[in-house]
Amino acid sequence: GDQKLCLTVTSANTIRLLSKPEPRTFTYDHVADMEISQESVFSSVAKNIVESCVNGYNGTIFAYGQTGSGKTFTMLGPSELDNFTDELRGVIPRCFEYLFFLINREVERSGQSKSFLCKCSFIEIYNEQIYDLLDTASASLFLRENIKKGLFVEGAVEKFVLSTGWRNRRVASTSMNRESSRSHAVFTMMLESKESINDVVNIRMSQLNLVDLAGSERQKDTNTEGSRLKEASSINRSLMCLGQVIMALVDVSNGKNRHICYRESKLTFLLRDSLGGNAKTYIIANVHPGSKCFGETLSTLQFAQRAKLIKNKAVINEDTQGNVRQLQAEVKKLKELLAQAVTSPGGEYGRDVAPGGPGFPIDIQPKGSYKAKFMAAARLWKKCEDERRV
């Protein structure tokens, strides 16, 4: 409305907050103004993450910010009731369109030797309880952890669907936003690729998390009461825990010993690998430019600035199967070569006479090279045994 703006975009990487007594400038990987297109947001944020997922890396994109700042619009686009157009699609539908384009391209390039399996789940965290958005009849679910699967939601449905879950999502009216999201929504795509070359099967597994967080808000600004107030308290508590985890991870990145309280909230526990582990993570920080929202805007900018200091170590999730026989044959070959070298007195390992003077024996090849070969053979044998046991 008549609000003055408290933000100005000064470049593609910097934004100025009109604070007193001095304006403050914040620097990020990318800054988008109010006129940016959804396609530009996708290209700068999500495109590389999706490409990495096809190559075996875990990826996460989540939107953080104040209620009404545009998180759901950024992640999904306008609701079906609004004037929905193809250009207004958000990050999530564009991610899947691009993902399946890349999958088809990889299959064609490999000559059908590579195949992909895609599963997805869609859950929400509402008042610190987990619900399945792909199964409206489900009760509260539990978050589990085991060695093989890592973190997972027990009983969550895995199938190919998007729009159904989003329609089931809990929304409620507040004075700031008619359809303010009252829960954290987590859409997860599990991608597995399998490639067979000469009886060796190479398997890559990755996970893409697309998260729309509930909005942070000050109660005096939203005039909430009753159940709405309880929801807001739960949301703010989980977001505060997210902030504490970010702070701890920054300290760990700087070499300090800190306990990271992932288990304080279902949200941080579910996103543990995304926040401080094996994942490439991108945070979209949505801010409201109006001067009345100065406090929340400053808080979001500071959160994003801290999160930028975290250093994740993403690795390719890869496994190789079916090559036990090949490893056994290689080990056998190396053992035969080693036996020949040790038993042959006049061979490479034996003593020989230097051409310049009889009686001066020299080693043509140092023992170290055979030691290296033996160690390599031992490592191959151990890997062979490990794979057979698996």
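In the predicted model, R389 forms a salt bridge with D386, in which the closest N and O atoms are 3.1 Å apart. Both residues belong to helix α12 (residues 367-389), where, being three residues apart, they are separated by about one helical turn. R389 is exposed, with a relative accessible area of 63%, whereas D386 counts as partly exposed at 29% relative accessibility. Elsewhere, D86, R89 and E97 are joined into one network by salt bridges that share partners.

In total, the structure holds nine salt bridges, and the surroundings of two further pairs can be described in similar terms. K114 is bridged to E106 with the closest N and O atoms 3.2 Å apart; K114 is buried, its relative accessible area being 14%, and E106 likewise counts as buried, at 17% relative accessibility. For the salt bridge between D251 and R258, the separation of the closest N and O atoms is 2.3 Å. Of these partners, D251 counts as buried at 18% relative accessibility, while R258, with a relative accessible area of 40%, is partly exposed.

The largest nonpolar core comprises 33 residues, and the members that touch the most others are I61, M75, V91, C95, L99 and L210. Two or more residues are given to this core by each of α1 (38-45), α2 (47-54), β4 (59-65), α4 (91-109), β5 (114-126), β11 (184-197) and β12 (200-212). The greatest contribution comes from α4, which supplies nine residues. When residues up to four places away in sequence are not counted, I61 touches V45, A46, I49, M75, V91, C95, N209, L210, V211, Y282 and I284. A second core, separate from the one just described, has 32 residues, including L242, I246, C261 and L270.

Aromatic side chains form six pairs in the structure. The ring centres of F26 and Y28 lie 6.4 Å apart and the ring planes meet at 5 degrees, so this pair is stacked. F26 is buried, with a relative accessible area of 1%, and Y28 also counts as buried, at 12% relative accessibility. The pair formed by F122 and F187 is instead tilted, with a centre-to-centre distance of 5.0 Å and an angle of 55 degrees between the planes. This pair links distant parts of the chain, since F122 lies in strand β5 and F187 in strand β11, 65 residues apart; both F122 and F187 are buried.

One aromatic cluster is formed by F42, Y98 and F101. Y98 also takes part in a charge-ring arrangement, in which the charged end of K47 sits over the ring of Y98 at 5.5 Å from its centre. In another such arrangement, the charged end of K280 sits over the ring of Y57, 4.3 Å from the ring centre.

Helix α10 (residues 294-307) has 14 residues and reaches 20 Å from its first C-alpha to its last, a span close to the 20 Å expected at 1.5 Å a residue. The buried residues of α10 are E296, T297, L298, T300, L301, F303, A304 and A307.

How values were computed: Residues numbered from 1 in each chain as written. Predicted model: local features only at pLDDT ≥ 70, side-chain atom pairs only at ≥ 80, totals over all residues. Heavy atoms only, no water. Helix = DSSP H or I, 4+ residues; strand = E, 2+ residues; numbered from the N terminus. Expected span 1.5 Å × (residues − 1). Buried < 20%, exposed > 50% of the residue type's maximum accessible area, 1.4 Å probe, protein only. Salt bridge = Lys/Arg side-chain N within 4 Å of Asp/Glu carboxyl O. Core = buried A, V, L, I, M, F, W, Y, C linked by side-chain atoms within 4.5 Å. Contact = heavy atoms within 4.5 Å. Phe/Tyr/Trp six-rings, centres within 6.5 Å; stacked < 30°, edge-to-face > 60°. Lys NZ or Arg CZ within 6 Å of the ring centre and 35° of its normal.
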